[in-house]
Amino acid sequence: MLKQLEGSQGVAQAVALCRPEVVCAYPISPQTHIVEALGALCRKGTLQDCEYINVESEFAAMSVAIGASVAGARAYTATASQGLLFMVEAVYNASGLGLPIVMTVANRAIGAPINIWNDHSDSMSQRDCGWIQLFAETNQEAVDLHIQAFRIAEEMSLPVMVCMDGFVLTHAFERMDIPTQDEVDAFLPPYVPRQVLDPKNPYSIGAMVGPEAFTEVRWLAHRRMMDAMPVIEKTARAFEEQFGRLSGGLLNSYQMDDAEVCVFAMGSILGTIKDTVDEMRDAGVKIGVVGLKCYRPFPTEEVKAVLQHVRTAIVLERMVSVGSGGALYLDVLKALRKTDVELRSVIAGLGGRAVTKQSLRTVFEKAVQGTLLDETVFLDLDQELVDRQIAREAMERHVGPVPEALNKDVNARKILRGEEV
């Protein structure tokens, strides 16, 4: 059924259609509207046979989800940014125990400094935690991915994060096709856990493992994640067959048939990238786009297959691994080893900064012309602002916190321009 909804409302309705038995709720922007909407659905009786639990923290939310899953319930929660970091210990426990919890991460920057806007720093900081990570490009895809996530999680007995860009998607009103309960029931079978607390068959869940077997435990966890890739692809195809649209999977190619230059990215920024590429195509430029839908496990062979024939690949991502560069770039670099593809990293949209077609076109044209020489580029970096801070630090030892100093410079600039501060 087509509905004009806020992204968070669409996701809440999709989650409810998956019949969760426990929803663990702790509010943090920009995911708050999701758990609020689920609470309303429980209160109205639309979502039945579900225990909605208000917890005291994000750590408690994941801890309750773990307990519910171990007890045999289909469990769901949502978080963002600092909330994800607060629950990290339990996040690792959920994957280490092989529990099929589904969690929405409404992607948001991590402080300090405080910033509530979108980038991918939060979920990508957990790339080693053993959770499957699926990234939505649109709100429709976010709806579809949640329905797929429960099926993937329960088939593999692995937890799944569905990542959607905070505010950009969560608070955007769009037309979405929300399936019926019968359609979701036909796609998502009743939950039959692989492991569950059972007095008739007692065993330890969360037992200590010493050095003599810990390597083997981690190897098996890695193998299960790699085994999830065909399941993710198969689930996307099954969803397409039943619902008539392809969402999710591992990768999505756009304008790649004869592309000499490719832009590789994930999340909602793909829409702006595709618009920019369309304009460049109209001007005769052979450029294409590959959208990554599954960040973990990383589909190395699939990435190599789709990129190895281009001359240049630009990895554009909304996070920076401080002291290294782009984390996604390193994954693509690994996939393209022993190929002749020239690889460039572009860091963009940090802390919610707008990524415009004009800025993208400038950097893409440089790549096409072979003049994008820096291995790592920070898109739209305010060089005057950073040069002023570097000079200040060179002259004085005690210059105060960097965020405060840069805010003063920005405000002073606005005053000079007659803008409101």
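# Phe187 and its surroundings

At 2% relative accessibility, Phe187 counts as buried, where buried means under 20% relative accessible area, exposed over 50% and partly exposed in between (1.4 Å probe, protein chains only). The structure is a predicted model, in which local features need pLDDT of at least 70 and side-chain atom pairs count only at pLDDT 80 or more, whereas totals for chains, interfaces and linings use all residues. Residues are numbered from 1 along each chain as its sequence is written, and side-chain values use heavy atoms, with hydrogens and water left out.

## Aromatic contacts

The structure holds four aromatic pairs, a pair being two rings of Phe, Tyr or Trp (its six-membered ring) with centres within 6.5 Å, counted as stacked if the planes are under 30 degrees apart, as edge-to-face if over 60, and otherwise as tilted. One of the four joins Phe187 to Phe239, and because the ring planes stand at 90 degrees, with the centres 5.5 Å apart, this pair is edge-to-face. It connects distant parts of the chain, since Phe187 belongs to helix 8 (residues 181-187) and Phe239 to helix 9 (residues 211-243), with their positions 52 residues apart; helices (H or I, at least four residues) and strands (E, at least two) are DSSP runs numbered from the N terminus. Phe239 is buried as well, at 0% relative accessibility.

A further edge-to-face pair is formed by Phe187 and Phe243, with 5.9 Å from centre to centre and 70 degrees between the planes. This contact also links distant parts of the chain, with Phe187 in helix 8 and Phe243 in helix 9, 56 residues apart. Phe243 is buried, with a relative accessible area of 13%, and Phe187, Phe239 and Phe243 together form one aromatic cluster.

Phe187 has a charged neighbour too: Arg151 lies over the face of its ring, at 4.3 Å from the ring centre. In this sense a charge sits over a ring if NZ of Lys or CZ of Arg is within 6 Å of the ring centre and within 35 degrees of the ring normal. Elsewhere, the charged end of Arg296 is placed over the ring of Tyr295, 4.4 Å from its centre.

## Cysteines

How many disulfides does the structure hold? There are zero, a disulfide being a pair of cysteine sulfur atoms within 2.5 Å. For Cys24, the closest cysteine sulfur is that of Cys50, and because the two lie 9.0 Å apart, they are too far from each other for a bond. Cys129 is likewise in no disulfide, the nearest cysteine sulfur, in Cys163, being 9.7 Å away. Cys24 is buried at 0% relative accessibility, and Cys129 is buried at 1%.

## Backbone in the loops

Two cis peptide bonds can be described here. The bond from Ser29 to Pro30 is cis, with omega near 5 degrees, and Pro30 lies in the loop between strand 2 (22-25) and helix 2 (32-44). Gln31 is found in the loop between strand 2 and helix 2, and its C-alpha atom is separated by 21 Å from that of Glu317, a residue 286 positions away along the chain. The other cis peptide bond joins Gly111 and Ala112, with omega about 5 degrees, and Ala112 is placed in the loop between strand 5 and helix 6.

Positive phi values occur in residues other than glycine. Ser157, in the loop between helix 7 (139-156) and strand 7 (160-165), has phi near 55 degrees. Asp380, in the loop between strand 15 (376-378) and helix 14 (383-395), has a phi of about 60 degrees.

The accessibility of some loop residues is set out below.

| Residue | Relative accessible area | Class |
|---|---|---|
| Gln31 | 0% | buried |
| Ser157 | 3% | buried |
| Asp380 | 36% | partly exposed |
| Ile114 | 79% | exposed |

## A nonpolar surface patch

Ile114 is located in the loop between strand 5 (102-107) and helix 6 (121-124). With Ile116 and Trp117, Ile114 forms a nonpolar patch on the surface, and the three residues have about 360 Å² of accessible area together. Such areas come from the Shrake-Rupley method with a 1.4 Å probe, and for residues only the protein chains shown count as cover. Patches are made of residues with over 30% relative accessible area and no salt bridge, like charges being joined within 9 Å and nonpolar side chains (Val, Leu, Ile, Met, Phe, Trp, Tyr) within 5 Å; a salt bridge is a side-chain nitrogen of Lys or Arg within 4 Å of a carboxyl oxygen of Asp or Glu.
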